[in-house]
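Dear colleague,

Please find the structure below for your records. My notes on the ligand site and on one residue follow it.

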Amino acid sequence: MFWERSGLCSVLVFEDAMITITDVTGMQRWADASRARGQRIGLVPTMGYLHAGHVSLVAAARRRADVVVASIFVNPLQFGASEDLERYPRDIGQDTQLLSAAGTDVLFLPDAKEMYPEGFQTTVTVERVTRGLCGAARPTHFRGVTTVVAKLFNMVKAHVAVFGQKDFQQLVAIRRLAVDLNFDIEIVGAPIVREPDGLAMSSRNAYLSPSERQAALCLSRSLDAAAQAVQRGETDGLRILAAARRVIADEALTRLEYATLADPDTLEEVSAVSAPTLLALAVHIGKTRLIDNCVLGSDKLQATSGKHESSRHKALA
Ligand code: AMP
């Protein structure tokens, strides 16, 4: 902490206080100065309405970098025409407190005009890995994600960026983006953070009514059912998927968009679980679309709830 004289008054400056930057030039200047000091910059891109999952990404970035930038930008480019851009939950006051308490150095908070000034017409498309899973129902979504992430990489000039495995396909697409376009940045995937009852944390959980919140537990239970099938020695993809789908079908308020087994690196569909295999789900609970996933046959798998922790670990070891 130190006193700084600026014009007529003195300002109390906390050296570890988080600062907020809203313009791209200011962000790039800050990044250049940090790099000139030899600091390693970590980036955590978010859309705000933060929860413990986002905070875990900041902690992961802190472990790998000297300074951490968290961005909040509700990116219009990744929302389809009929999707929830307008009603996406926002609470910048609480987000600021959470990020500051988590040890974030900079909150980067550009608005849509700053991110996409007039005349903007360049996008980044990662091809194959974005076609299936969520890409089938949301054909323009990943182009929006990879475009804004490429822009954030150039704005924040980070050495390392952390993304959640909750959005597994997004993480795979961003790894591909970084390799294919030679971004000099390390991409880190962080484990899914769950509520005590197993529901994967998500900003969109705020949309759920109490009965929908209860119904939403079918996602993690569905993953558990598949993991238990694998534990019993099942390798046939159709039977494993049937076990997962049954749990969703048994829940009244739900509509399954997809339950898919895929190679976790290429995201190509597979018909058997003979190696670590991604099981990814998208389920509509009333008007809310939720996603979840796990990697079957992997010792790195997280349990979806405390209750099933031991069986999941055994199943997936
Ligand atoms: P969002 O604000 O939903 O765009 O998410 C920003 C980042 O937080 C993405 O990298 C997400 O994958 C990650 N994230 C969201 N929910 C979770 C969670 N429950 N656990 C871990 N990471 C998450």
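Which helix gives the most to the shell around the ligand? Helix 2 does, with 3 residues. The model is predicted, so local features need pLDDT of at least 70, side-chain atom pairs count only at pLDDT 80 or more, and totals for chains, interfaces and linings use all residues. Residues are numbered from 1 along each chain as its sequence is written, and side-chain values use heavy atoms, with hydrogens and water left out.

**Ligand site**

Among the 17 residues around the ligand (a heavy atom within 4 Å of it), H54, G164, D167, V193 and M201 come nearest. At least two shell residues come from each of strand 4 (41-46), helix 2 (52-64) and strand 7 (160-164); helices (H or I, at least four residues) and strands (E, at least two) are DSSP runs, numbered from the N terminus. Backbone N or O atoms of V193 and of M201 each lie 2.8 Å from a nitrogen atom of the ligand. The protein covers 93% of the 490 Å² of accessible area (Shrake-Rupley method, 1.4 Å probe) that the ligand has on its own.

**Residue N75**

N75 sits in the loop between strand 5 (67-72) and helix 3 (92-101). N75 counts as buried (under 20% relative accessible area, 1.4 Å probe, protein chains only) because its relative accessibility is 0%. Its side chain makes a polar contact (N or O atoms within 3.5 Å, one able to donate a hydrogen and the other to accept it) with the side chain of Y116, at 2.5 Å. The side chain of N75 also reaches the backbone oxygen of G144 at 3.0 Å.

Yours sincerely

How values were computed
Buried < 20%, exposed > 50% of the residue type's maximum accessible area, 1.4 Å probe, protein only.
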